[in-house]
Amino acid sequence: MRVHLVVTAKRAGAPLPPVVLDAAREAIIRAFPVPAEAVTAHEWRSAAGDTALLSWSNEPEGHGLPIVRSTGGRVAGLTGQLADPGEVDRLLAAPRLAEAATRTGGVFSVFRAGEGEMGAATGLTRACPVFYAETPDVHVAGSRALLVHLAARAAETGSRRPEIVWDLPAMESMVRAGYFLSDETPFLGVTALPPAAEISVTGGRRAITVTPLPDPRETPTSRRGMRAQIDELADALLAAVRPLRNTPEPVRLSLTGGRDSRLLAALLHKAGIPFVTATSGHDDSPDVVLAARVAEALGVEHRVARPKRSESGTELVVPHPRVRGHNVLFACEGMLSAYENIPGGGSYDPTPRMSGHGGEILRGGFLQNQADPDPKAIRRRVNGLFGKNADLLTEEAREHARALASPWQERCRDDGASVLDHLYLTYRVGRWHAASRASLLRAQNPIPPFLDNLVVRTALSIDPLWRRSEAVIHDVICAFAPRLRDIPVEGTPWRFTAESSDRTLVDRLRLRWPRRARPSETGAPKAAAPRAFDPASKPWNWRTTPSPELTDRMSGGIVGPRGALAADGLARVVDEAGVARLPESRMDAFWHVYTVSVMLTDAFADPVAPDLPPLHIPLPA
């Protein structure tokens, strides 16, 4: 993982207050949750002392690009990966940083500094985020929100150890969704830069430029035109993994029975890149059974990581919720719910890893699970995204949520399909996935081809309703690995088969698509299931199954011994009565409220996780 912080004075030529850089050096222990002995640091200062770029990394020497790169009087640091490492010099010289970044293969953000200037830019997904803040004296941007906040607070207070000031209204999004459906952060004054955006400061003046996301082209009406767009997406995916051809270790692919990780398996197979697969779950779960069939069809190794059980085998052994809360707090900076499985830190392993996260970009974003693509139904979906769990919020928090929803609701009038497409990219990938990815980057080398700038640009140029049909990625999978055609997918069947009778735009277009054998003719996906399991069944999930051992401990982290909310400030976000009535059937919301309460209580005080015994959750019969 690489962490960058760039600071510049608002008055050109005025040296930066030393306390700002001192605070950043001290705060890195909290903001960069890895063993301190593994971290190397690099600092650059302008001749006038008015601009600085501070960088840290726990990656082994010789892995990837150097921490920073200097040329032409500028210095730059990147997070993430470039498809072509030689592109870093072009980014250093680019007059419009965001435009150059979004047209460069890879998944990264870039931080740049020079004499009297600084800049930072996100890619098309902002899976590698940029956070920024402003004070009366300085502009600050960085890859970790807490680090940006503490540096800015040091400039305001003159303290090397400033206290955190929370943005309480912003936390309503965490309570509702378990991540930020906004550009806000938990820290007052710190904002996430939008996708495809650039922040630049020259002569003390800040400007933020957002590059519009690509518009979809007209869906072609000929076989040749459709095949050309599918081939274009396939070529972009192949280009995204091309740098892995020389990897010394096989890629480790987390494979499930679903669509997206299967596409990655087919992609690596087609590209001739060695890989092995692994699936987490019980032996009889659809994910494990179907992933094994995919691996067998491609002739690659497959392993199963089984959940830890008690000695008797009747109980699942899971981390204490407070430990989960601590992990998500430090790894994801409080921007992801403890409902998610966030691994603990460790020594850095450069072996490339992949998973299917983010693959919905190729299936229409939030359209991929939108049952009805009618404009009115899409508007209801947008209302639902911003109104979920609103009964748990105070009126102030609900009003905040309504304000965030308003611009997206307005956009629904013009093009509802693109709204759900872009909402997914902006928030589900740009905030949820970005937070999750940060937890992995601490100790791993995750490679996400679905988030590559050129793959995303190509995907967004394809009609979102066509992508929603899943015919596009089905054809790409079959082109990469034809032997996977007859293996069913976990959950619902391929949408273009399940909705064959619908009269949507995609269905009308499908009448002109190339002839493909129907499921009844190939045995997939409906007829190919001679096993004693149902691909559509969902595995048991302990996180959503109420049990006294779990809920009692979580309740204790939300409500104090006298019945009041445990964390100061939480009452401004959540309604006490609403939380008290929260039914155990809504365990996801229970986790979200618990996460916010732990964050406000712990306040990033101790990077070391608490030493608490694990829980033993009874397994279903």
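Biologist: Why is aspartate 22 called partly exposed?

Modeller: Aspartate 22 has a relative accessible area of 27%; buried means under 20%, exposed over 50%, and partly exposed in between, with a 1.4 Å probe and protein chains only. Aspartate 22 therefore falls in the partly exposed class. This is a predicted model, in which local features need pLDDT of at least 70, side-chain atom pairs count only at pLDDT 80 or more, and totals for chains, interfaces and linings use all residues. Residues are numbered from 1 along each chain as its sequence is written, and side-chain values use heavy atoms, with hydrogens and water left out.

Biologist: What makes the contact of aspartate 22 and arginine 25 a salt bridge?

Modeller: A salt bridge requires a side-chain nitrogen of Lys or Arg within 4 Å of a carboxyl oxygen of Asp or Glu. The N to O value for this pair is 2.7 Å, so the criterion is met. The two residues are three apart in helix α1 (residues 18-31), about one helical turn; helices here are DSSP runs of H or I with at least four residues, and strands are runs of E with at least two, numbered from the N terminus.

Biologist: How do you know that glutamate 470 is buried?

Modeller: Its relative accessibility is 4%, which means that glutamate 470 lies under the limit for buried. Arginine 259, at 8%, is buried as well.

Biologist: Which parts does the pair of glutamate 470 and arginine 259 tie together?

Modeller: Their side chains meet in a salt bridge at 3.0 Å, N to O. Glutamate 470 is in the loop between α13 and α14, and arginine 259 in the loop between β13 and α7, so parts 211 residues apart in sequence are tied together.
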